[in-house]
Amino acid sequence: MPFYRKIPMFISAWQVPLPHEEPSQHIMALVALNKWEADVGGVTITNRDGSTMLAHPGDFIIRDDDDNHYSCHPQLFFSTFERIDTNA
């Protein structure tokens with residue numbers, strides 16, 4: 001049986017705030033720049049191909065190498081990605 005390993009990749013990610021939290025300047029800028037809709041139910045992400053998805057409060061919005069955005073549940077995010085120091 002063949003085995004596979006996920007190829008290392010670098011992403012940018014922003015966490016959608018929970019209803020009782022204030023949104024960060026980063027997430028507000030991302031929403032404004034992309035002209036997405038945001039409310040207490042989350043952020044509606046629209047990709048370049050016109051597809052949409054909802055990032056719920058607490059989810060992460062991930063930008064991949066092709067500049068596509070998608071949402072990721074926090075449990076999956078933290079089991080898949082680790083934060084890196086970009087100041088090194």
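**Close-up views of a predicted model**

**Figure 1. Lys35, a residue out in the open.** With a relative accessible area of 73%, Lys35 is exposed, because that value lies over the 50% mark. Please keep in mind, here and in every view below, that this is a predicted model. Lys35 sits in the loop that links helix 1 to strand 2. Its backbone deserves a second look: phi is positive, at about 55 degrees, although Lys35 is not a glycine. As a rule, most residues other than glycine have a negative phi.

**Figure 2. The whole chain, for orientation.** Before moving on to the other details, here is the overall layout. The chain holds 2 helices and 6 strands. Read from the N terminus, these elements follow the order β-α-β-β-β-β-β-α. Along the principal axes, the C-alpha atoms fill a box of roughly 45 × 30 × 25 Å. The chain has 88 residues, and 25% of them count as buried. How many of the contacts between residues at least 6 apart in sequence join residues at least 24 apart? The share is 40%.

**Figure 3. Asp67 and its salt bridge to Arg63.** This view shows the side chains of Asp67 and Arg63 meeting in a salt bridge, with an N to O distance of 3.9 Å. A search of the whole structure finds 1 salt bridge, so this pair is the one to look for. Are the two partners buried, exposed or in between? Asp67 has a relative accessible area of 40%, so it counts as partly exposed. Arg63, at 28% relative accessibility, is partly exposed too. Both values fall between the 20% and 50% limits, which is why neither residue is called buried or exposed. Asp67 belongs to the loop between strand 5 (60-63) and strand 6. Like Lys35 in the opening view, Asp67 has a positive phi without being a glycine; for Asp67 the angle is near 65 degrees.

**Figure 4. Ser71 and the residues around it.** Ser71 is part of strand 6, which spans residues 69-72. Its relative accessible area is 22%, so Ser71 counts as partly exposed. Which residues does Ser71 contact once its neighbours within four places in sequence are set aside? They are Ile45, Met53, Leu54, Ala55, Asp59 and Phe60. With Leu54 there is also a polar detail to spot: the side chain of Ser71 reaches the backbone oxygen of Leu54 at 3.5 Å. For a sense of scale, look across to Glu82, which is 11 residues away from Ser71 along the chain. The C-alpha atoms of Ser71 and Glu82 are separated by 16 Å.

**Figure 5. Asn47, a buried loop residue.** Asn47 is placed in the loop between strand 3 and strand 4 (52-55). Is this loop residue buried or exposed? Its relative accessible area is 13%, which is under 20%, so Asn47 is buried. Residues up to four places away in sequence aside, Asn47 touches Asn68 and His69.

**Figure 6. The largest pocket.** The volume of the largest pocket is about 710 Å³. Its lining is made up of 18 residues, and those nearest the centre are Ile11, Phe77, Glu82, Arg83 and Ile84. Two or more lining residues come from each of strand 1 (12-15) and helix 2 (74-80). Sorted by class, the lining of the largest pocket has 12 nonpolar, 3 polar and 3 charged residues. Glu82, the far partner in the distance to Ser71, appears again here among the residues nearest the pocket centre.

**Figure 7. The second largest pocket.** About 200 Å³ of space lies in this pocket. Its lining has 15 residues, with Val16, Pro17, Pro23, Ala38 and Asp39 closest to the centre. Which elements supply at least two lining residues each? Helix 1 (25-34), strand 2 (37-39) and strand 3 (42-46) do. Helix 1 gives the largest share, with 3 residues. By class, the lining of the second largest pocket has 12 nonpolar, 1 polar and 2 charged residues.

Terms used. Residues numbered from 1 in each chain as written. Predicted model: local features only at pLDDT ≥ 70, side-chain atom pairs only at ≥ 80, totals over all residues. Heavy atoms only, no water. 1 Å grid on protein atoms, 1.4 Å probe; cavity = no way out; pocket = protein on both sides within 12 Å on 5 of 7 lines; lining within 4 Å. Points joined across faces, edges and corners; volume = space filled by probe spheres on them. Helix = DSSP H or I, 4+ residues; strand = E, 2+ residues; numbered from the N terminus. Nonpolar A, V, L, I, M, F, W, Y, C, P; charged D, E, K, R; others polar. Buried < 20%, exposed > 50% of the residue type's maximum accessible area, 1.4 Å probe, protein only. Contact = heavy atoms within 4.5 Å. Polar contact = N/O pair within 3.5 Å; in protein donor to acceptor, adjacent residues only side chain to side chain. Salt bridge = Lys/Arg side-chain N within 4 Å of Asp/Glu carboxyl O.
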